Amino acid sequence: MKLELRRIHIKDIQLGEETKVKDGVLFVNAEELISHLKEDSRIKDVKVDIARPGEKVRIIPVKDVIEPRVKIEGAGNGFPGVSSKMAQVGEGKVNVLYGAAVVTVGDIVGFQEGVIDMWGEGAKWTPFSKTFNLVVDITPVEGLDPHAHEATVRLAGLKAAEFVGEAGRDVEPDEVLTYEMGSHAEESRKYPDLPKVVYVEMLISQGLLHDGYVYGVNTQNILPTLLHPNEELDGAVISGNCVAACDKITTYQHQNNSVILDLYEQHGKTINFLGVILTPELTTLEGKFRTCDYTAKLCKMLGADGVIVSEEGYGNPDSDLLMICKRLEDAGIKTVLITDECSGWDGASQPLADTAKEAVAVVSTGNVSHVVTLPPADKVIGNAEAISTLAGGWDGSLQEDGSIKCELNAVIGSTSEIGYHNLTVKLY
Amino acid sequence: MKYKIVTNNPLVKKEKENIYFVEGSYEDVLIKVRDLVYKGVELISHPLGASMRMLYSPYRSIIVGEKNKVVDPFHIEIIENSIINYRKNLEGRKVDWIHADDYALIDNELLKSTLKDLEVK
């Protein structure tokens with residue numbers, strides 16, 4: 001498979017009469033976008049706004065972030081099996097509005113956090129303070145059940161990204177990144193002496209606001225499955241909205257999965273990258289045994305010498321992470337885990353809900369309990385009331401000057417367990 | 001599969017029959033599950049959720065199975081670790097009662113998803 005990600009560098013977003021890219025500026029016709037989204041009869045109202053890096057703007061509660069793109073060559077466009085017809089993706093050419101993002105907001109339930117601050121202290125902690133954000137606020141019709149509400153918001157975000165992405169169809173890219181990998185047999189012939197490495201990407205697969213999808217299939221219903229890395233880079237995997245703001249993998253992060261990109265970078269140099277295994281994180285212990293056994297079996301069948309495992313979420317998924325680790329290490333496969341930590345305000349507590357002596361190589365992507373102070377914003381996009389949820393964590397979390405003390409777990413993408421973010425934790 | 005739901009969620013109480021209803025907190029639910037596991041009752045669903053935010057929920061529903069003659073040490077480890085983690089995470093935080101109804105709803109929906117997974121057996 002060969003995939004070209006053709007980046008068009010976006011330096012600003014503005015509302016305009018025509019949805020187009022001109023000299024690096026993305027213009028969006030908001031009315032057209034709104035009427036396109038309102039073709040879904042479940043949507044009552046859509047508001048569109050723009051948030052730029054450096055502006056004193058807070059976006060809350062964020063549901064998903066999506067990179068706008070258009071496929072100009074090869075099968076499929078957008079998110080097959082979800083917002084477009086089923087197609088085998090991973091091959092062809094994609095024009096990417098690099099530097100732009102569609103951000104969806106809207107309450108599904110009242111306790112959701114998910115904040116993006118575009119300036120100051122808050123901006124340091126989320127990668128989406130650096131993108132030019134087209135914020136789409138979706139209000140559904142009354143009486144929708146929560147599952148339909150979630151699906152409506154999820155689809156609207158993906159459709160908005162497709163709609164906006166179309167503006168890049170005939171634009172010459174500023175840079176072209178090529179991702180190409182042949183069959184295992186071909187790659188192993190080319191690199192007979194390099195260690196074979198598999199990437200296991202775990203996905204929360206547990207129900208409302210705790211789901212992920214591959215080609216539109218809810219990952220609750222899959223056995224661990226093997227993907228060509230290009231498929232994920234080309235829209236095969238999406239987020240099912242979020243409760244866990246800091247470490248729920250947004251669709252944008254799937255489209256730009258840092259682990260995949262880094263393994264690609266090393267492919268043919270230090271490793272032979274065999275592909276991605278998507279592994280659901282289920283709630284039942286039997287389900288966890290099934291998926292962990294199955295994941296380890298796939299790694300063994302592929303002849304992996306090493307495996308990198310990334311987690312999504314915190315709590316019961318820690319058990320899956322360590323069970324996979326134990327099974328792989330017992331089989332003689334060197335295993336590296338990527339996870340965030342929940343180690344208390346002082347960072348001194350045990351970081352995971354579970355432990356295993358086999359977990360000897362662990363990369364930390366940050367402490368979700370780390371406390372940050374967010375100053376008041378000039379403008380709030382979304383639901384200002386959700387800020388009280390942020391502020392209500394403990395006595396004194398709302399300061400006299402209107403600043404909010406909150407934990408990083410409220411900030412979108414702050415401790416991304418696939419490494420698409422800004423921080424880590426070091427032992428000292 | 002025979003199972004029971006240990007819960008303090010009023011919504012689950014209203015909708016389900018095969019429950020141990022706990023008049024108390026999330027932590028009380030964990031403790032009830034712990035006591036059952038020490039008596040040999042099988043742990044079917046993991047006691048913790050998959051996100052930090054759900055730890056601040058006033059409500060929790062956990063599925064347990066039949067009583068066996070032998071106590072499963074793995075299940076003991078899981079429930080004990082869960083209690084330690086729950087307490088650790090609530091040290092500086094408050095249970096979020098303001099959104100209690102929404103937590104009841106999500107807990108119930110996540111429970112339904114788990115039960116669906118068990119139905120096929």
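Modeller: Let's start with a rule: a salt bridge is a side-chain nitrogen of Lys or Arg within 4 Å of a carboxyl oxygen of Asp or Glu. One ground rule too: this is a predicted model, where local features need pLDDT of at least 70 and side-chain atom pairs count only at pLDDT 80 or more, while totals for chains, interfaces and linings use all residues. Residues are numbered from 1 along each chain as its sequence is written, chains are lettered from A and ligands numbered from 1 in the order in which they are written, and side-chain values use heavy atoms, with hydrogens and water left out.

Colleague: OK, what makes A:Asp395 and B:Lys94 a salt bridge?

Modeller: Their closest N and O atoms are 3.2 Å apart, and the cut-off is 4 Å, so the pair passes. Chains B and A have three salt bridges between them.

Colleague: Why does the salt bridge of A:Glu407 and B:Arg93 join two chains?

Modeller: A:Glu407 sits in strand β25 (residues 404-407) of chain A and B:Arg93 in the loop between α3 and α4 of chain B, so the link crosses from one chain to the other. Helices (H or I, at least four residues) and strands (E, at least two) are DSSP runs, numbered from the N terminus. The N-to-O distance for this pair is 3.2 Å.

Colleague: Are those two buried or exposed?

Modeller: Buried means under 20% relative accessible area, exposed over 50%, and partly exposed in between (1.4 Å probe, protein chains only). A:Glu407 comes in at 4% and B:Arg93 at 10%, so both are buried by that rule.

Colleague: How many residues does each chain bring to the contact?

Modeller: Chain B brings 37 and chain A 44, where contact means heavy atoms within 4.5 Å. About 3400 Å² is buried between the chains, 58% of it on carbon and sulfur atoms. Buried area is the accessible area (1.4 Å probe) that two parts lose on being put together, summed over both. On the chain B side, B:Ala50, B:Met52 and B:Arg53 lose the most area, together 18% of what that side buries.

Colleague: How do you know that A:Cys246 and A:Cys342 aren't bonded?

Modeller: A disulfide is a pair of cysteine sulfur atoms within 2.5 Å. The closest cysteine sulfur to that of A:Cys246 is in A:Cys342, 8.6 Å off, which is too far for a bond. Over all chains, the count is zero disulfides. As for burial, A:Cys246 has 2% relative accessibility and A:Cys342 has 0%, so both are buried.

Colleague: Back to charges: what separates A:Glu187 and A:Lys190 along their helix?

Modeller: About one helical turn, because they are three residues apart in helix α4 (residues 184-190) of chain A. Their closest N and O atoms are 3.4 Å apart, and they form a salt bridge. A:Glu187 is buried at 3%.

Colleague: Why are β16 and β18 of chain A called edge strands?

Modeller: Each has a single partner strand, so one side of each is left without a neighbour in the sheet. The open sheet has three strands in the order β16-β15-β18, with antiparallel pairing. Two strands pair if DSSP finds at least two bridges between them. Strand β15 (residues 211-214) and β18(A) have four bridges, so they clear that cut-off. A:Gly212 has A:Ser239 in β18(A) as its bridge partner.
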